[in-house]
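Student: I would like to go through this model and ask, for each label, what justifies it. Could we begin with how the strands are paired?

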Amino acid sequence: MLFFGGIHGNEISGVKAIENVFQGLRSHADRVKGSIYGIRGNIPAQLRRKRFLDEDLNRLWTTERVANIMGKPVAERNVEETEMFEINALIKEVIRTASPPFYFIDFHTTSGKTKPFITINDAMINRKFSLLFPVPIVLGIEEYLEGPLLSLMNEMGYVSLGFESGQHNELSAINNSMAFMRLSMVFAGCLPKTEVPEFEMIFAQLKKAAMGDSGFYEVLYRRELSKGTDFKMLPGFKNFQLVGKGTVLAVQDGVEIKTKKNSTLFMPLYQDQGNEGFFLIGPVPKWALLVSAIARNLKIDSWLTLLPGISWSDETKERLLVNTKVARFFTKSFFHVLGYRNRTLGRSQMMMHNRERTAKNELYKNEWWFKSNGKD
Ligand SMILES: [Zn+2]
């Protein structure tokens with residue numbers, strides 16, 4: 001298991017949680033099965049209490065960018081590129097020397113008030129592992145973000161969860177990350193439940209912090225902030241807050257930003273550095289999750305290329321090319337159900353990348369949580 005803290009230098013709760021849990025493990029380290037790594041993220045930024053110094057370390061992990069940075073001369077790398085280089089080398093070393101299954105967990109905090117929540121790419125392995133925790137799960141944020149750290153692990157096909165534990169400097173954010181770390185070690189089989197006598201207590205603690213919400217949500221909208229834009233969120237908004245139609249959320253370059261319909265607000269920005277002003281999310285109904293699990297099991301997408309306007313982009317069959325003029329009946333949500341995420345390629349073409357076909361399900365198929373049906 002690999003735990004990351006402080007990838008955003010102003011989010012040090014994860015770093016502290018990892019240190020605390022490791023301290024506690026010392027006396028019974030011999031009971032640990034497998035290997036547990038704690039990886040400290042953007043150290044130069046952490047030392048200066050900044051989110052980042054040159055650029056956001058959590059936006060560098062696209063395949064192209066990683067290859068580019070790994071091949072760059074040392075002197076030409078900026079602060080975050082240097083951090084990325086070192087972390088990437090470490091991850092590769094762990095994967096090369098340790099034995100699977102692997103679990104990647106990345107700790108974050110938010111600038112606004114929030115209950116704790118999980119973010120994942122919607123592959124079934126991620127969904128099933130996330131279901132073990134009594135917190136809400138937000139799907140699909142990676143379609144809106146370029147190059148978060150976990151996209152790399154998802155592309156390698158491993159279980160990868162982001163955990164947002166609370167507001168940046170709140171003590172509860174550390175406690176929630178510690179609880180999450182301990183629970184995940186037990187769930188993944190790294191630590192026998194008997195070694196965590198406080199298991200029920202910390203489970204209840206997380207459940208209470210999440211206010212009993214353990215539903216699925218999907219990201220519907222992202223307010224992008226281009227460089228130099230003047231953005232000010234109105235005060236007092238909370239993460240997951242329901243906002244009515246016409247509510248003024250923020251002022252951007254002197255213009256009021258209002259909601260077009262009743263919405264659920266997600267990650268409102270209450271700090272200077274950041275590329276997103278806020279997101280809007282919506283609940284995913286239980287039946288939709290069930291339908292999508294069945295559709296993926298049956299690999300219904302294998303038949304899609306028989307239809308006009310849909311073809312495989314190459315022989316690996318991991319990506320679909322969709323001509324949106326011809327295949328106009330198929331909406332984004334239809335492809336989401338089958339486990340695809342989209343990238344628009346110009347006006348009439350979408351590239352659909354399948355999360356299920358890259359997920360290494362066979363590595364996890366003997367794990368108890370993979371075989372179970374989660375909370376239900
Ligand atoms: Zn973060």
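Student: What makes strand 1 and strand 3 a pair, and do they run parallel or antiparallel?

Tutor: In this predicted model, two strands count as paired if DSSP finds at least two bridges between them. Three bridges join strand 1 to strand 3 (residues 103-110), so the criterion is met, and the two strands run parallel. Within this pairing, Phe-3 stands opposite Ile-105.

Student: How do you know that strand 1 pairs with strand 2 (residues 37-40)?

Tutor: Four bridges join these two strands, which run parallel, and Gly-5 stands opposite Arg-40 of strand 2. With at least two bridges required, the four found here are enough, and therefore strand 1 and strand 2 are a pair.

Student: Which unit do strand 1, helix 1 (residues 13-25) and strand 2 make?

Tutor: Together they make a β-α-β unit, and its hand is right-handed.

Student: Which way do the residues of strand 1 point, and are they buried or exposed?

Tutor: Leu-2 and Phe-4 point one way, Phe-3 and Gly-5 point the other way, and all of them are buried. To be called buried, a residue needs 20 or more other C-beta atoms within 10 Å of its own.

Student: Why are strand 8 (231-233) and strand 11 (255-258) said to stand at the edges?

Tutor: The open sheet has three strands in the order 8-10-11, with antiparallel pairing. Strand 8 and strand 11 each have a single partner strand, so one side of each is left without a neighbour in the sheet. Neighbouring strands of this sheet are turned by 25° against each other on average, direction ignored.

Note on methods. Residues numbered from 1 in each chain as written. Predicted model: local features only at pLDDT ≥ 70, side-chain atom pairs only at ≥ 80, totals over all residues. Buried ≥ 20, exposed ≤ 12 C-beta atoms within 10 Å, placed from the backbone. Right-handed = clockwise from strand over helix to strand, strands pointing away. Axes fitted to C-alpha atoms, helices over the stretch in contact; angles between N-to-C directions.
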